[in-house]
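Here is a walk through one protein structure, from its overall make-up to a single strand and its surroundings. Please keep the sequence and the 3D view at hand while reading.

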Amino acid sequence: MNRSRIMAVLAGLVLFVMALSVLQPLFRGDPLEGQPAPQFTLPLGDGDSERIRLTDQRGKVVVLDFWASWCGPCRHSVPLLNRVVQRYRDQVTVLGINSEAISAAQVAFVALRWGIGYSVLRDAAMEAQMAYGVQAFPTLVLIDKQGKVAKVYQGEPLESALFDRIDRLIK
């Protein structure tokens, strides 16, 4: 084999390994899926007076939406999550979790400006974000009625896929 052919084979092998490492999570799922959901207690986004505990949501399907104010795709997913709230009003709880060290007033302003129609929590210390292993925004986590992580979506899922998964979790 000549040198250029060896280099081409090595380059192809390197690209294959890189592609495999990027695509691997798609094949194995998130390590949290099927595990008990990490618990948290976080303040509502409009102030520290009321705190929401995940354990209080047991018996309902829960959608956690991890987001940040600087994240364009996060803003884009708000209408989808508002439709989840409208469609599953008494069966699903949607909680937006802002994972930034910003004030309650800033979180409330962003929630109002974006038209968020569900509870927004502040995770300024990023405790919930770390517990769920969130590395990209938005990340949606579906939790079943028994408190186990059913599905983790990095990025905005297709509406039909999200509704189908929620329908199965409700039954």
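The paragraphs below start with the whole chain and then turn to one strand and the core.

This is a predicted model. The average pLDDT of the protein is 87, and 86% of the residues score at least 70. Residues 20–28 are a stretch with pLDDT below 50, and beyond near neighbours in sequence this stretch has 0 contacts in the model.

The protein has 5 helices and 7 strands. Along the sequence they follow the pattern α-β-β-β-α-β-α-β-α-β-β-α. Of the 171 residues, 43% are buried. The accessible surface comes to about 9,800 Å², and carbon and sulfur atoms account for 57% of that surface. Among contacts with a separation of 6 or more, 70% join residues 24 or more positions apart.

A useful place to look next is β3. How many of the 7 residues of β3 are buried? The count is 7 of the 7, so β3 is largely enclosed by the rest of the structure. In a regular strand, side chains alternate between the two faces of the sheet. In β3, Val 61, Val 63, Asp 65 and Trp 67 point one way, while Val 62, Leu 64 and Phe 66 point the other way. The residues in both sets are buried.

Which strands pair with β3? One partner is β4, which pairs with β3 in the parallel sense over 7 bridges. Within this pairing, Leu 64 has Leu 95 of β4 as its bridge partner. Together with α2, the strands β3 and β4 make a right-handed β-α-β unit. Another partner is β6, which runs antiparallel to β3 and is joined to it by 5 bridges. Here the bridge partner of Asp 65 is Leu 140 in β6.

Two residues of β3 also lead into the core. The largest nonpolar core has 52 residues, and those with the most contacts inside it are Phe 40, Leu 64, Phe 66, Val 92, Tyr 132 and Ile 166. Elements that each supply at least two residues of this core include β3 (61–67), α2 (72–87), β4 (92–98), β6 (139–143) and α5 (159–170).

Phe 66 shows what such a position looks like in detail. Leaving aside residues up to four places away in sequence, Phe 66 touches Cys 74, Ile 97, Ser 99, Ala 128, Gln 129, Tyr 132, Val 134, Phe 137, Pro 138, Thr 139 and Val 141. One of these, Tyr 132, is also among the residues with the most contacts inside the core.

Definitions and conventions: Residues numbered from 1 in each chain as written. Predicted model: local features only at pLDDT ≥ 70, side-chain atom pairs only at ≥ 80, totals over all residues. Heavy atoms only, no water. Core = buried A, V, L, I, M, F, W, Y, C linked by side-chain atoms within 4.5 Å. Buried < 20%, exposed > 50% of the residue type's maximum accessible area, 1.4 Å probe, protein only. Helix = DSSP H or I, 4+ residues; strand = E, 2+ residues; numbered from the N terminus. Contact = heavy atoms within 4.5 Å. Areas by Shrake-Rupley, 256 points an atom, 1.4 Å probe, with all protein chains shown as cover. pLDDT = per-residue confidence, 0-100. Pairing = 2+ DSSP bridges. Right-handed = clockwise from strand over helix to strand, strands pointing away.
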